[in-house]
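Open the structure in your viewer and keep the sequence panel beside it. This tour says what to select and what is there.

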Amino acid sequence: MFMNRIKNAFTGDQKAFIGFLTAGDPSLDKTVKLILEMEKAGVDLIEIGIPFSDPVAEGPVIEAANVRALEKGATVNDVFEIVKKVRAVSEIPLVLLTYLNPVYFYGYESFFSECKACGVDGIIIPDLPYEESHEVSGVCEKYGIHLISLITPTSEQRIEMIAKESKGFLYLVSSLGVTGVRDEIETALKPKIDAIRKVTDTPVAIGFGISRPEQVAELSKYADGIIVGSAIVGLIEKHGDDACKYVYDYVKSIKEVC
C-alpha cells in the first residue's frame, strides 16, 4: 500500500515547520538545492508551488516568483522532475500547491498518477471550493495523494464539515486577503482550532502572513504546524542563485522557535 509521508511531519515534540517555494525560481536546479537546504535547516514539510499565470490567492511576492519561473519556461512536467530529483536523496514530505486549471488541462488521472510515481504526498488547490472538491478527491484517493483542505476566516459555518473529511493536515488561513508578510496576525484562530479538534485529529497548520519568530512562537502554542511562504520567497528573490545560505539561516531560526 502507498505510504503517505505527511504524517511524519507532525511527529515529535516540536511543532511542524512547513516551508513554501515556487518551482523554477530562480531556476529548476536551484529549486532542488533550496529544498534540500531547507530540509537540512530543519523544515518538516515543503510546499512546492507550480508556476501559474493567474495565482489569485497570492500576494505580490509569490505572484512575482510565478512570473519569473514562467518567463524561464517552467512547466508542470518540470515540477515533477524537481520532485524526482529530491526523492532520489530525500524522504521529506512534499506537497504541491497549484490552481485547478493546470491540473484540469493535464488530466486528473495523468496528473495524480504522475504525482504518485514521482513521490508527491499531497496537493493544495486554493481555488477549489470544498463543495466541488469531489471533482478531484476521488482521483487523489486512488493514487494515495492527500487533498489538503483550507479553512479560511470566512469558513465559520463550514469548519466542522470541512474538518471531518480532511486528509494529511488542515491549512488554516490566518487572515483575509492574499498571501504576504504581515506585521500582525489579527484573526482569532484559537476558537477555530478548538472547533476543528471537536471533530478530527487531523493536524492543523496555520499559514498566510507569518514571517517573524515571535509570531511563530505565539501561534505554535495552539497549532500543530506553521507555514511560511512569502518570507522565504522574498529571500530567494533578493539573493537569486546565492539564496541557499540565506534561506538555510532563516529556516533554522524559525524552526528553533517551533
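In which sense do strand E1 and strand E9 (residues 225-228) pair, and over how many bridges? Select both: E1 and E9 pair in the parallel sense, over 4 bridges. Two strands count as paired if DSSP finds at least two bridges between them. Helices (H or I, at least four residues) and strands (E, at least two) are DSSP runs, numbered from the N terminus.

A note before moving on. This is a predicted model, in which local features need pLDDT of at least 70 and side-chain atom pairs count only at pLDDT 80 or more, while totals for chains, interfaces and linings use all residues. Residues are numbered from 1 along each chain as its sequence is written, and side-chain values use heavy atoms, with hydrogens and water left out.

**Stop 1: strand E1**

Select residues 16-22. This is E1, and 7 of its 7 residues are buried. Buried means under 20% relative accessible area, exposed over 50%, and partly exposed in between (1.4 Å probe, protein chains only). Show side chains. Ala16, Ile18, Phe20 and Thr22 point one way. Phe17, Gly19 and Leu21 point the other way. Now look across to E9: Val228 stands opposite Gly19.

**Stop 2: over to E2**

Add strand E2, residues 45-49. E2 runs parallel to E1, with 5 bridges between them. Glu47 in E2 is the bridge partner of Phe20. Trace the connection: the chain leaves E1, passes through helix H1 (residues 28-41) and arrives at E2, a right-handed β-α-β crossover. Right-handed means that, with the strands pointing away from the viewer, the path from the first strand over the helix to the second runs clockwise.

Two loops flank H1 on this route. Pro26 sits in the loop between E1 and H1. Check the peptide bond from Asp25 to Pro26: it is cis, with omega near 10°. Gly42 lies in the loop between H1 and E2. Leaving aside residues up to four places away in sequence, Gly42 touches Val251 and Lys255. Contact means heavy atoms within 4.5 Å.

**Stop 3: the whole sheet**

Colour the strands. An open sheet of 9 strands runs in the order E5-E4-E3-E2-E1-E9-E8-E7-E6, with parallel pairing. Its edge strands are E5 (146-148) and E6 (150-151), each paired on one side only. Go to the E5 edge. Strand E4 (residues 122-124) joins E5 through 3 bridges. Ile123 stands opposite Leu147 there.

**Stop 4: a helix across the sheet**

Select helix H10, residues 230-239. H10 lies across E1 and E9, at about 45° to E1. Axes are lines fitted to C-alpha atoms, for helices over the stretch in contact, and angles run from 0 to 180 degrees between N-to-C directions.

**Stop 5: Phe208**

Find Phe208 in the loop between strand E8 (204-207) and helix H9 (213-219). Its phi is near 85°, a positive value in a residue other than glycine. Is Phe208 buried or exposed? Phe208 counts as buried because its relative accessibility is 10%.

**Stop 6: zoom out**

Show the full chain: 11 helices and 9 strands. The radius of gyration is 17 Å, close to the 18 Å that the globule rule gives for 258 residues, so the chain is as compact as a globular protein of that length. That radius is taken over C-alpha atoms, and the rule is 2.2 Å times the number of residues to the power 0.38. The C-alpha trace spans about 45 × 40 × 35 Å along its principal axes. Buried residues make up 56% of the 258.
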